Amino acid sequence: MSSSLQLGLMVGPAIPIPVPPEIVEALVSVEITERDVGPSAFTLQFTMSNSSILPTLFILSGGSPFPIIRVVLSATLNGSVTVLADGVVTQVQVMPGSDAAHSILQVTGEDLSKLMDKLDLTGLPFPAMPAEAAVALVLAKYLALGVLPVIVPSIMLDVPIPTDRIPAQQGTDLKYITALAAKVGYVFYVAPGPIPGTSTAYWGPRIKVGAPQTALNMDMDAFTNTARITFTYQPQKAVMPIVFIQNQQTHIPLPIPIPPITPLNPPLGLVNLPPSNTKPLKETAKYTPVQAILTGIAAAANTADTVEGKGSLDVLRYGRILTPRSLVGVRGAGLAFDGLYYVSEVKHSIKAGEFMQNFTLSRNGLISTVPTVAA
């Protein structure tokens, strides 16, 4: 590893603790995938002698009083600590090594949302409370694991009267929270950090605004910090959802088209063809008008990004760790593709002396909406 990059590893049943230095030194490969929605996954590979007790740290966890083994991996780059992964082990494999005296221990896992998808609690009541309160109660049981809830209240405040109906959980905690998010046009995910041993459970809108990360520079001589990015423009990908709002007097559903541009999904490109496809969301006729519109806004945002960029970078040259679910600038790609992008996916690949990232960028149009991109 470079002297400017240091890895930290914590392992333990439920509450992880720092491992001895020799275990960190045995770590030869790290693969982590982070997406803007859905679970993150990680794969760690250790080299060990055939007599090593290293596998015991992971394999015997299934027989302990705690049915989970937790792994936290962090990286310190130029004095800044970034939590790359915080999750539970789902699979352990021992594979042949480079010689007869050594083996490779491969540990695979997912983020802490995996724990939320284990127990089916269908029928658990949540009387007289909006969705935000139900989400807070569901996530409260994971506070002991360092899961910090971040809940953005919805503008659709729906507090059911117990004499009319009592909402009840359907499925596991993860399925229930995700379903509540989809109902108001929100997303739910669990992100590692902000400090080792904690994770952030976010329930709210997908946000595509904010301060951009260090720009990705292409073909700029000494300022180049990323390999060439391949861009794709697919205008036919955009879909305009049509929601239906039922007239209370006539009970006739009124169709309302939903545009893809919203305050939380602003135009990052100046030129974008109108959606050529429509998608009727017929189930919205059962919703309130506000709920139907929010569902339509979320559906429109999911297909609005017609420009996609895929590339890779050397983290040590880039000078920081590119993170998903935020903006980043691109320079040197030409008039059509320069500007701000949303980072929808990042794949970390770490080996001895090397830290590479493959990334996927997206935005909703060609030609930048900003005159310059910060370096």
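The exercises below work through parts of a predicted model, each with a solution in steps.

**Exercise 1. Strand 7 and its partners**

Task: Work out which strands pair with strand 7, in what sense they run, and whether strand 7 is largely enclosed or not.

Solution: Begin on one side, where strand 4 (residues 41–49) pairs with strand 7 in the antiparallel sense over nine bridges. Next take strand 6 (residues 80–96), which also runs antiparallel to strand 7 and is joined to it by nine bridges. The connection between strand 6 and strand 7 is a hairpin, which passes through five residues. Finally, consider burial: of the 10 residues of strand 7 (residues 102–111), eight are buried, and therefore this strand is largely enclosed by the rest of the structure.

**Exercise 2. The setting of Q106**

Task: Decide whether Q106 is buried or exposed, and find which side chain makes a polar contact with that of Q106.

Solution: First locate the residue, for Q106 lies in strand 7. Its relative accessible area is 15%, and because a residue under 20% counts as buried, Q106 is classed as buried. Then look across to strand 4, where the bridge partner of Q106 is Q45; the side chains of Q106 and Q45 are also joined by a polar contact of 2.6 Å. As a last step, list the residues in contact with Q106 once its neighbours within four places in sequence are left aside: T43, L44, Q45, Q91, V92, Q93 and M95. One of these contacts, V92, has its own bridge partner in strand 7, namely V107.

**Exercise 3. A sheet of three strands**

Task: Establish in what order the strands of the open sheet with strands 14, 13 and 16 are arranged, and which of them are edge strands.

Solution: The three strands of this open sheet follow the order 14-13-16, with mixed pairing. Strand 14 (253–257) and strand 16 (277–281) are the edge strands, since each of them pairs on one side only. From one strand to the next, the twist averages 30°. Strand 13 (residues 239–246) pairs with strand 16 in the parallel sense, over five bridges, and I242 stands opposite P280 of strand 16. Helix 5 (residues 289–303) packs on this sheet, where it touches strand 13 and strand 16, and its direction makes about 170° with that of strand 13.

**Exercise 4. L254 in an edge strand**

Task: Determine whether L254 is buried, partly exposed or exposed, and name the residues in contact with L254 beyond its neighbours within four places in sequence.

Solution: L254 has its place in strand 14. With a relative accessibility of 43%, this residue counts as partly exposed, because the value falls between 20% and 50%. Beyond its neighbours within four places in sequence, L254 is in contact with V243, F244 and I245. The C-alpha atoms of L254 and I242 are 9.7 Å apart in space, although these residues are 12 apart in sequence.

**Exercise 5. The largest pocket**

Task: Find how much space lies in the largest pocket, and which element gives the largest share of its lining.

Solution: The largest pocket holds about 630 Å³ of space. It is lined by 32 residues, of which G185, Y186, L294, I297 and A298 are the closest to its centre. Helix 4 (173–183), strand 9 (187–192), strand 13, strand 16 and helix 5 each give two or more residues to this lining, and helix 5 provides the largest share, eight residues. Turning to G185, this residue follows helix 4 and has a positive phi, near 75°.

Methods
Residues numbered from 1 in each chain as written. Predicted model: local features only at pLDDT ≥ 70, side-chain atom pairs only at ≥ 80, totals over all residues. Heavy atoms only, no water. Buried < 20%, exposed > 50% of the residue type's maximum accessible area, 1.4 Å probe, protein only. Helix = DSSP H or I, 4+ residues; strand = E, 2+ residues; numbered from the N terminus. Pairing = 2+ DSSP bridges. Polar contact = N/O pair within 3.5 Å; in protein donor to acceptor, adjacent residues only side chain to side chain. Contact = heavy atoms within 4.5 Å. Axes fitted to C-alpha atoms, helices over the stretch in contact; angles between N-to-C directions. 1 Å grid on protein atoms, 1.4 Å probe; cavity = no way out; pocket = protein on both sides within 12 Å on 5 of 7 lines; lining within 4 Å. Points joined across faces, edges and corners; volume = space filled by probe spheres on them.
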